[in-house]
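Got the structure open in your viewer? Let's take a walk through it, one selection at a time.

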Amino acid sequence: MITSYFPKYVALFAICVLCVGALDTFVAAVYEHAVILPNRTETPVSKEEALLLMNKNIDVLENAVKLAARQGAHIIVTPEDGIYGWVFTRETIYPYLEDIPDPEVNWIPCTDPQRNHS
């Protein structure tokens, strides 16, 4: 299983090295936290409940990132599931996902978040 992730990490590392190539050195920080997980359930939660949980984890990550940056970190790596966790079924993950409209839809969610794009 580790070998399946290897190319992603190599690509990420290469991009990071290229981004900071103008610097003589850089400081990297790796952060891991005890993710606030949703209750195990077979019933999907509401979108609002999902956002509340994700915001709690984002607050934790934001504080850690700010602290690492104040300590001189140029690159900060956070857990891939650090915002929402990993205890989901195909049905229960849905409220945690962002709905991306079809490319043919002429809509910018940031400027018109209330529009129904379906």
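Here is a short tour of a cavity, some aromatic rings and a salt bridge. Keep in mind that this is a predicted model.

**Stop 1: the cavity**

How many cavities of 30 Å³ or more does the structure hold? Just one. The largest cavity has a volume of about 60 Å³. To see its walls, select Pro-38, Asn-39, Arg-40, Thr-41, Thr-43, Pro-44 and Val-45, then add Val-87, Phe-88, Thr-92 and Tyr-96; these residues line the largest cavity. Try colouring them by class: you'll get six nonpolar, four polar and one charged residues in that lining.

**Stop 2: the aromatic rings**

Keep Phe-88 and Tyr-96 from the cavity lining on screen, and add Tyr-84. Together, Tyr-84, Phe-88 and Tyr-96 make up one aromatic cluster. A pair of aromatic rings is described by the distance of the centres and the angle of the planes, so those are the two things to look at here. The structure holds two aromatic pairs. Tyr-84 and Phe-88 form a tilted one, with 6.2 Å from centre to centre and 55° between the planes. For Phe-88 and Tyr-96, the centres are 4.7 Å apart and the planes sit at 55°, so this pair is tilted too.

Now switch on a surface. Is Tyr-96 buried or exposed? Tyr-96 is buried, as its relative accessible area is 8%. Tyr-84, on the other hand, counts as partly exposed, at 27% relative accessibility.

**Stop 3: Thr-92**

Stay with the cavity lining and pick out Thr-92, one of its residues. You'll find Thr-92 in the segment after β2 (75-77). With a relative accessible area of 5%, Thr-92 falls under the 20% cut-off, so it is buried. Show the backbone of Thr-89 as well: its nitrogen lies 2.8 Å from a polar atom of the Thr-92 side chain.

**Stop 4: the salt bridge**

Next, select helix α2, residues 47-70, and show the side chains of Glu-62 and Lys-66, which both lie in this helix. The two are four residues apart, about one turn of the helix. Side chains of opposite charge can pair when their charged atoms come close. What does Glu-62 form with Lys-66? A salt bridge, in which the closest N and O atoms are 3.2 Å apart. A search of the whole structure finds one salt bridge, and you're looking at it.

Put the surface back on for a last look. Glu-62 counts as partly exposed at 36% relative accessibility, and Lys-66 gets that label at 42%.

Key
Residues are numbered from 1 along each chain as its sequence is written. This is a predicted model: local features need pLDDT of at least 70, side-chain atom pairs count only at pLDDT 80 or more; totals for chains, interfaces and linings use all residues. Side-chain values use heavy atoms; hydrogens and water are left out. On a 1 Å grid over the protein atoms alone, a cavity is a set of points where a 1.4 Å probe fits but cannot get out, and a pocket is an open set with protein on both sides within 12 Å along at least five of seven lines; lining residues have an atom within 4 Å of a point. Grid points are joined across faces, edges and corners, and a volume is the space filled by probe spheres set on the points. Ala, Val, Leu, Ile, Met, Phe, Trp, Tyr, Cys and Pro count as nonpolar, Asp, Glu, Lys and Arg as charged, and the others, Gly among them, as polar. Rings of Phe, Tyr and Trp (its six-membered ring) pair if their centres lie within 6.5 Å; planes under 30 degrees apart count as stacked, over 60 as edge-to-face and the rest as tilted. Buried means under 20% relative accessible area, exposed over 50%, partly exposed in between (1.4 Å probe, protein chains only). A salt bridge is a side-chain nitrogen of Lys or Arg within 4 Å of a carboxyl oxygen of Asp or Glu. A polar contact is a pair of N or O atoms within 3.5 Å; within protein, one must be able to donate a hydrogen and the other to accept it, and residues adjacent in sequence count only if both atoms are side-chain atoms.
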